[in-house]
Amino acid sequence: MATKKSAAPFAGTTAQEEQLVRIIHESKGNRGALMSVLQKAQDVYGYLPIEVQSIIAREMKVPLEKIYGVVTFYSQFSLTPKGKYTIAVCMGTACYVKGAGDILKKLYDKLKISGGEVTPDGLFSINDCRCIGACGLAPVITVNEDVYGRLSPSGEELDGILAKYTS
């Protein structure tokens, strides 16, 4: 499946930008403040799109290429928004052999997004993950902290699970 850009456009607010600029100015003069600023910026926005990286570059007087290099090097940073509800499909061995791949495809179809993307309404994002340690419940998905196990490869339970988060 080809990776496409997130369906949700950047929607930063003036208040968020003002908060970010305050964070940057509070860290002025602190050697090595970039990591801390990036972490706090991600807390403010939920992710670090190019628009946010550009503000940081401008205010810290650091080349945008350096900001981007740090953001893409460390896995703690995300370039794409996360949904209010993050769905993770376990692809560990036990889950995979019991149909997790089929469940993942069904979720892609139902939500009309691919891995790492967010629905246009900002409600759901989805990704696969390695073993979550619930092999006895395989196949397993999580929605934020909620665990759903013993799902059928046909995905018949998925509509009910998603409905819990849309009503």
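Student: Is Glu59 buried or exposed?
Tutor: Keep in mind that this is a predicted model. Glu59 has a relative accessible area of 17%, and the cut-off for buried is under 20%. So Glu59 comes out as buried.

Student: Which residues are linked with Glu59 in a network of salt bridges?
Tutor: Start with Arg58, whose side chain meets that of Glu59 at 3.2 Å, N to O. Arg58 also meets Glu17 in a salt bridge, at 3.4 Å. The network therefore links Glu59 with Arg58 and Glu17.

Student: How many residues apart in sequence are the parts that Arg58 and Glu17 tie together?
Tutor: Both ends of this pair are partly exposed, Arg58 at 46% and Glu17 at 32%. Arg58 sits in helix H3 (residues 50-60) and Glu17 in helix H1 (residues 14-26), so the parts they tie together are apart in sequence by 41 residues.

Student: And which helices do Asp159 and Lys110 lie in?
Tutor: Their side chains form a salt bridge at 2.9 Å, N to O. The pair ties together parts 49 residues apart in sequence, because Asp159 belongs to helix H7 (residues 158-166) and Lys110 to helix H6 (residues 100-111). In short, Asp159 is in H7 and Lys110 in H6.

Student: Switching to rings, is the pair Tyr74 and Phe77 stacked or edge-to-face?
Tutor: The whole structure has 5 aromatic pairs. In the one made by Tyr74 and Phe77, the ring centres are 6.5 Å apart and the planes stand at 90 degrees. Planes over 60 degrees apart count as edge-to-face, so Tyr74 and Phe77 are edge-to-face.

Definitions and conventions. Residues are numbered from 1 along each chain as its sequence is written. This is a predicted model: local features need pLDDT of at least 70, side-chain atom pairs count only at pLDDT 80 or more; totals for chains, interfaces and linings use all residues. Side-chain values use heavy atoms; hydrogens and water are left out. Rings of Phe, Tyr and Trp (its six-membered ring) pair if their centres lie within 6.5 Å; planes under 30 degrees apart count as stacked, over 60 as edge-to-face and the rest as tilted. A salt bridge is a side-chain nitrogen of Lys or Arg within 4 Å of a carboxyl oxygen of Asp or Glu. Helices (H or I, at least four residues) and strands (E, at least two) are DSSP runs, numbered from the N terminus. Buried means under 20% relative accessible area, exposed over 50%, partly exposed in between (1.4 Å probe, protein chains only).
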